[in-house]
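Reader: I am in my first year and would like to take a close look at a single part of this structure. Please start with one charged side chain and its partner, and then work outward to what lies around them.

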Amino acid sequence: MTEDQAHQTGPTVEPDNEQRWAELADLVLIISREIQFRGYTDERAVPLSPSEGMVMRYLQREPAAPPSRIATATGLQRTNLSTVLGGLERKGLVERRADPGDGRGVTVHTTEHGRANYALVRREWATAVSGATDHDTAHLDAALTLLTAVETGLATTRPAPGPAARRR
């Protein structure tokens, strides 16, 4: 056992892999920022904040959902979600409708403009990322498999909101 291993507490990854996982996390954050930084070439694209993007991504899989389900799926606080939904409504990307099963509740629906915008920005992201790799797809399937597993694992182990789950 090395001195570094003796001082570790709690469950950790193997020391050989810890730096590689940290490098992956760094690269994901850097890539995300680079994609956001470049903006869009198509003037029809409606730019979104990271929170708005999370909500729109969720609504692509669930085109009609109550705010409580959206908040849980995206990890947003209900009050923050309300602000995000208001912004998306003003941009014409979503609309809130009375829940047909319960007139007191609402469901959030993507609009045609919201679906078209999401498709447009995904094409722009694909062009940017593909061009950055000179269109090399040799490891694309492996990268998608790994990143999907990471996203799923992080989402399912997300800490509950509250004082203990502060942003760093």
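Author: At 31% relative accessibility, E62 counts as partly exposed, because its value falls between the 20% and 50% limits that separate buried from exposed. Please keep in mind that this is a predicted model. The partner of E62 is R69, and their side chains meet in a salt bridge with 3.3 Å from N to O. R69 is also partly exposed, with a relative accessibility of 37%. In general, side chains of opposite charge can pair when their charged atoms come close.

The salt bridge of E62 and R69 can be set beside others, since the structure holds six of them. One of these joins R97 and E95, whose side chains meet at 2.5 Å, N to O. Here R97 is partly exposed at 38%, and E95 is partly exposed at 31%. A further one links E112 and R115, again at 3.3 Å from N to O. These two residues stand three apart in helix α6 (residues 112-132), which means that about one helical turn separates them. This fits a general rule: an α-helix has 3.6 residues a turn, so residues three or four places apart point the same way. In this pair E112 counts as exposed, at 54%, while R115 is partly exposed, at 36%.

Moving outward from E62, we come to helix α3, which covers residues 50-61. Its 12 residues reach 17 Å from the first C-alpha to the last, close to the 16 Å expected at 1.5 Å a residue. The buried residues of this helix are E52, G53, V55, M56, Y58 and L59, and they pack against β1, α4 (67-74), α5, β2, β3 and α6.

Several of those neighbours belong to a sheet. It is an open sheet of three strands in the order β1-β3-β2, with antiparallel pairing. Its edge strands are β1 (64-65) and β2 (94-99), each of which pairs on one side only. Strand β3 (residues 102-110) runs antiparallel to β2, and six bridges join the two. Within this pairing, R96 stands opposite V108 in β3. Helix α5 (residues 78-90) packs on the sheet, where it touches β2 and β3, and its direction makes about 115° with that of β2.

Helix α5 itself repays a careful look. Its 13 residues should span 18 Å at 1.5 Å a residue, and its end C-alpha atoms are indeed 18 Å apart. The buried residues of α5 are L81, V84, L85, G86, G87 and L88, and they pack against α3, α4, β2 and β3. Just after the helix, G92 takes a positive phi of about 80°.

A last contact to notice is between two rings, for the count of aromatic pairs comes to one. It is formed by Y118 and W125, whose ring centres lie 6.4 Å apart and whose planes make an angle of 90°, an edge-to-face arrangement. Y118 is buried, at 12% relative accessible area, whereas W125 is partly exposed, at 24%.

Technical notes:
Residues numbered from 1 in each chain as written. Predicted model: local features only at pLDDT ≥ 70, side-chain atom pairs only at ≥ 80, totals over all residues. Heavy atoms only, no water. Pairing = 2+ DSSP bridges. Helix = DSSP H or I, 4+ residues; strand = E, 2+ residues; numbered from the N terminus. Contact = heavy atoms within 4.5 Å. Axes fitted to C-alpha atoms, helices over the stretch in contact; angles between N-to-C directions. Phe/Tyr/Trp six-rings, centres within 6.5 Å; stacked < 30°, edge-to-face > 60°. Buried < 20%, exposed > 50% of the residue type's maximum accessible area, 1.4 Å probe, protein only. Salt bridge = Lys/Arg side-chain N within 4 Å of Asp/Glu carboxyl O. Expected span 1.5 Å × (residues − 1).
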